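Subject: Structure handover

Hello,

Here is the structure for you to look over. My notes come straight after it.

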Amino acid sequence: MNTLSTGNTPSNPVSTLSRRKLVNWFVASSFGALILSIIYPVLRYLTPPRIAEPSANEVEAGTTTDIDFRDKAFKIVRFGADPVIVVRSGEEQFLAFSATCTHLDCIVGFQKEHNRIWCNCHGGAYDLTGRNVAGPPPKPLTPYKVHLIEQPSGPATIVVSKV
Ligand code: FES
């Protein structure tokens, strides 16, 4: 028996239906991927990963001939999560304190010409014992211990530890 096909009816309805499903699926999944690519970075930004800071009992702060000590007479090093300022107070003498200002937590520096630890934020000043001597800082800086480890060849290594 012969069947006649008209121009309006699809030649294979099953094939058209599955093609439509495929296109719908592709559009839906593309839209889903677009939404995810927008939402995921926003969520990652809002919830930063919690990385535990390594705790430290002592850290190396370079050598006694580091260019920072020669040029500025100080260096900021990381002690775990805390910044520590190491100051060259004499030829082979070094001091270390917490580098976080006790006023509003700015990072302090050292003014070689005035021989003082200085906070640029509000003009706070500390002497070389860490005592707050001028400006708004309410408390002294926390001191750290400094050890010089002599090396068989080359300059001594500076090691900072908690008091
Ligand atoms: S934060 Fe240092 S003086 Fe204010």
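Below is what I found, starting with the model itself.

This is a predicted model, in which local features need pLDDT of at least 70 and side-chain atom pairs count only at pLDDT 80 or more, while totals for chains, interfaces and linings use all residues. Numbering starts from 1 along each chain as its sequence is written.

**Confidence**
The protein averages a pLDDT (the predictor's confidence in each residue, from 0 to 100) of 89. A score of at least 70 is reached by 89% of the residues. Residues 1–7 stay under 50. The model gives that stretch one contact (C-beta atoms, placed from the backbone, within 7 Å) beyond four places in sequence.

**Elements**
There are two helices and ten strands. These are DSSP runs, numbered from the N terminus: helices are H or I with at least four residues, strands E with at least two. The pattern along the sequence is α-β-α-β-β-β-β-β-β-β-β-β.

**Six-stranded sheet**
One open sheet has six strands in the order 1-10-9-4-3-2, with antiparallel pairing. Pairing requires at least two DSSP bridges between two strands. Strand 1 (58–63) and strand 2 (74–79) each have a single partner strand, so one side of each lacks a neighbour in the sheet. Neighbouring strands are turned by 30° against each other on average, direction ignored. Those angles use axes fitted to C-alpha atoms, for helices over the stretch in contact, and run from 0 to 180 degrees between N-to-C directions. Strand 3 (residues 82–90) pairs with strand 4 (residues 93–98) over six antiparallel bridges. Gly90 has Gln93 of strand 4 as its bridge partner.

**Four-stranded sheet**
A second open sheet runs 5-6-7-8, again with antiparallel pairing. Strand 5 (109–111) and strand 8 (132–134) are its edges, each pairing on one side only. The twist averages 40° from one strand to the next. Strand 6 and strand 7 (residues 124–126) share three bridges. Ile117 stands opposite Tyr126 in strand 7.

**Core**
The largest nonpolar core (buried Ala, Val, Leu, Ile, Met, Phe, Trp, Tyr and Cys residues joined through C-beta atoms within 7 Å) has 22 residues. Buried means 20 or more other C-beta atoms within 10 Å of a residue's own, with C-beta atoms placed from the backbone. Val84, Ile85, Val86, Ala96 and Phe97 have the most contacts inside this core. Strands 2, 3, 4, 6 (116–119) and 10 (157–162) each give two or more residues to it. Beyond four places in sequence, Phe97 touches residues including Val84, Ile85, Ile117 and Leu141. Of the protein's 163 residues, 19% are buried.

Best wishes

Technical notes. Contact = placed C-beta atoms within 7 Å. Buried ≥ 20, exposed ≤ 12 C-beta atoms within 10 Å, placed from the backbone.
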